[in-house]
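Biologist: Hey, got a minute to walk me through the empty spaces and the ligand site in this one?
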Amino acid sequence: MIDGLVTRDEVRTAEQYVERVLEEAIARSPGEPEFHQALKELLPTLVPALAMHSEYMRLGVLERLVEPERMISFRVPWIDDAGRVHVNRGYRVQYNSALGPYKGGIRFHRTVNSSIIKFLGFEQIFKNALTGLPIGGGKGGSDFDPKGKSDMEVMRFAQSFMTEFYRHMGPDVDVPAGDIGVGAREVGYLFGQYKRIRGSFEAGAFTGKGIAYGGSYVRKEATGYGLVYFVEEMLKMRDRSFAGSRIVISGSGNVAIYAAEKAAQLGATVVAMSDSDGYVYDPEGIDLSLIKQIKEVERGRIRDYAERRPSARFVPDSSEIWTVPCDVALPCATQNELDLRGAEALIAGGVIAVGEGANMPTTLEAVRRFEEADVLFAPGKAANAGGVAVSALEMAQNSMRMSWTFYEVEENLRHIMHSIFRTVLTTAGQYGKPGDLLAGANIAGFLKVAEAMVAQGVI
Ligand code: NDP
């Protein structure tokens, strides 16, 4: 590790510092396993950076970084179509504003709790830093499940959520966007209620808006396209590309659909996709227009695909998707969906690269197994940063009251993803971890935030 630049003692001091901060942060947040996992994945990889910058230890940067600046939780009451009252819980973690206003999505899913929101918010800080754009880290959501709800129920819920949350956000304060369960429909209702309460059209207060009212071209496609741009660069490390490759993609939501679209445009064949009920295998290549019809228009289930497509079959267990042999696997559904068993199955099936479209989809054990087996691994906080990058471009367009073309935004996105890849790879090499994109992403994001935090004093 970074031979000649730091002493063994300096490394040992940094290790002890990380161990202490990790222990204290975990003790202070009992019952939050996903948050603990995110801390355990990230903090140890910062040792080389801390050994080289001992001032960050002296100034307590890590202690401050792991503690959110603010965590809000609130009641969200709403009335269903039958007149029954329901109560959900809303959350927002405003994690770190060293680089700019808090920025991060809102998730509506029944599994949402403070652990999930904190892990997502923590990861978001580093992801946003890697984009090179002036945005801090935050995340929010609710345990409301939009599945099976009518449009009017979703609207009433979104309006109730925003009636509380509006006072905590704004273009220079906190700028939310979509995530699982929050797509164009939900963003429209949330933004509409914000505008109504504020009495002014603050376009830059929310991203992922429809094109008709201040949204950006390519925002919908950004995370999936960006993931594929990043993985394409990574594949070059082995003289490979998407052309002629077989791809397995978990999920069939926003990220998964547009990762599949870009991979297919680059000449790959996507052979499997999933939702929480199971996966479909289609050796002829997934027909994306049919997936879009089922998922984006009909809000249907992935099994409907197999019913309408003779070459496909449905397997009613989404975790089995990793048994489908492939060259590249792109987990694009949710956290911890790819565990050690999945990793073993992928390795047995000949996988050469894994790219995280979702946030923390790969367990720590699976990440280690890929490392041992020399499988290329693109960590989510770098590889799925395309969504937030185009969100920041949406904010820029809103500020200028201008709208860039699809081509202009896509070129910008491609440039940003290539630049993130180079930064991550170079940083990994500089800190004694050549080729380790996970360490490179964590260190590069951390250094940027730490420098800004130190400049702004102990706050
Ligand atoms: P969507 O709601 O559009 O899609 C989520 C997909 O994942 C659906 O197919 C859903 O299936 C599936 N899924 C969700 N939970 C589970 C589960 N517990 N088990 C199996 N499948 C599940 O969300 P997005 O595509 O926007 O987000 C996907 C991931 O990407 C998340 O981790 C998100 O944080 C991350 N991400 C998203 C960004 C964005 O711009 N949207 C940006 C960066 C990261 P079902 O319908 O059955 O629930």
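Modeller: Sure, but one term before we start: Ala, Val, Leu, Ile, Met, Phe, Trp, Tyr, Cys and Pro count as nonpolar, Asp, Glu, Lys and Arg as charged, and the others, Gly among them, as polar. Also, keep in mind that this is a predicted model.

Biologist: Okay, so how do the residues of the lining of the largest cavity divide?

Modeller: There are 4 nonpolar, 3 polar and 2 charged ones in that lining. Among them are Gln37, Glu41, Met360 and Phe377. The elements that give two or more residues to this lining are α2 and α14.

Biologist: And what volume does the largest cavity have?

Modeller: About 60 Å³. The structure holds 2 cavities of 30 Å³ or more, and the second largest has about 30 Å³ of space.

Biologist: Which residues line that second largest cavity?

Modeller: Glu41, Glu123, Glu356, Met360, Pro379, Gly380 and Lys381. By class, that makes 2 nonpolar, 1 polar and 4 charged.

Biologist: Switching to pockets. What's the volume of the second largest pocket?

Modeller: About 490 Å³. It has 22 lining residues, and Val367, Glu371, Asp436, Leu438 and Ala439 are the closest to its centre.

Biologist: Which element gives the most to that pocket's lining?

Modeller: That's α14, with 5 residues. The lining has 12 nonpolar, 2 polar and 8 charged residues. Domain 1 (8-66 + 450-455) and domain 3 (221-374) each supply at least three residues to it.

Biologist: Now the ligand. Which residues come nearest to it?

Modeller: Out of 25 residues around the ligand, the nearest are Asp179, Thr223, Ser276, Arg301 and Asn359.

Biologist: How far is the side chain of Arg301 from an oxygen atom of the ligand?

Modeller: An N or O atom in the Arg301 side chain is 2.6 Å from a ligand oxygen. Lys147 also has a polar side-chain atom 2.9 Å from an oxygen atom of the ligand. With Ser252, a backbone N or O atom lies 2.9 Å from a ligand oxygen.

Biologist: How much of the ligand's accessible area does the protein cover?

Modeller: On its own the ligand has 890 Å² of accessible area, and the protein covers 85% of that. The elements giving two or more residues to the shell around the ligand are α9 (219-236), α10 (254-265) and β7 (269-275).

Biologist: What about the classes in that shell?

Modeller: It has 5 nonpolar, 13 polar and 7 charged residues.

Biologist: Last one: why does the ligand lie between domain 2 and domain 3?

Modeller: Because domain 2 (70-201) and domain 3 (221-374) both give residues to the shell around the ligand.

Definitions and conventions: Residues numbered from 1 in each chain as written. Predicted model: local features only at pLDDT ≥ 70, side-chain atom pairs only at ≥ 80, totals over all residues. Heavy atoms only, no water. Near = heavy atom within 4 Å. Polar contact = N/O pair within 3.5 Å; in protein donor to acceptor, adjacent residues only side chain to side chain. Areas by Shrake-Rupley, 256 points an atom, 1.4 Å probe, with all protein chains shown as cover. Helix = DSSP H or I, 4+ residues; strand = E, 2+ residues; numbered from the N terminus. Domains from an automatic or database assignment. 1 Å grid on protein atoms, 1.4 Å probe; cavity = no way out; pocket = protein on both sides within 12 Å on 5 of 7 lines; lining within 4 Å. Points joined across faces, edges and corners; volume = space filled by probe spheres on them.
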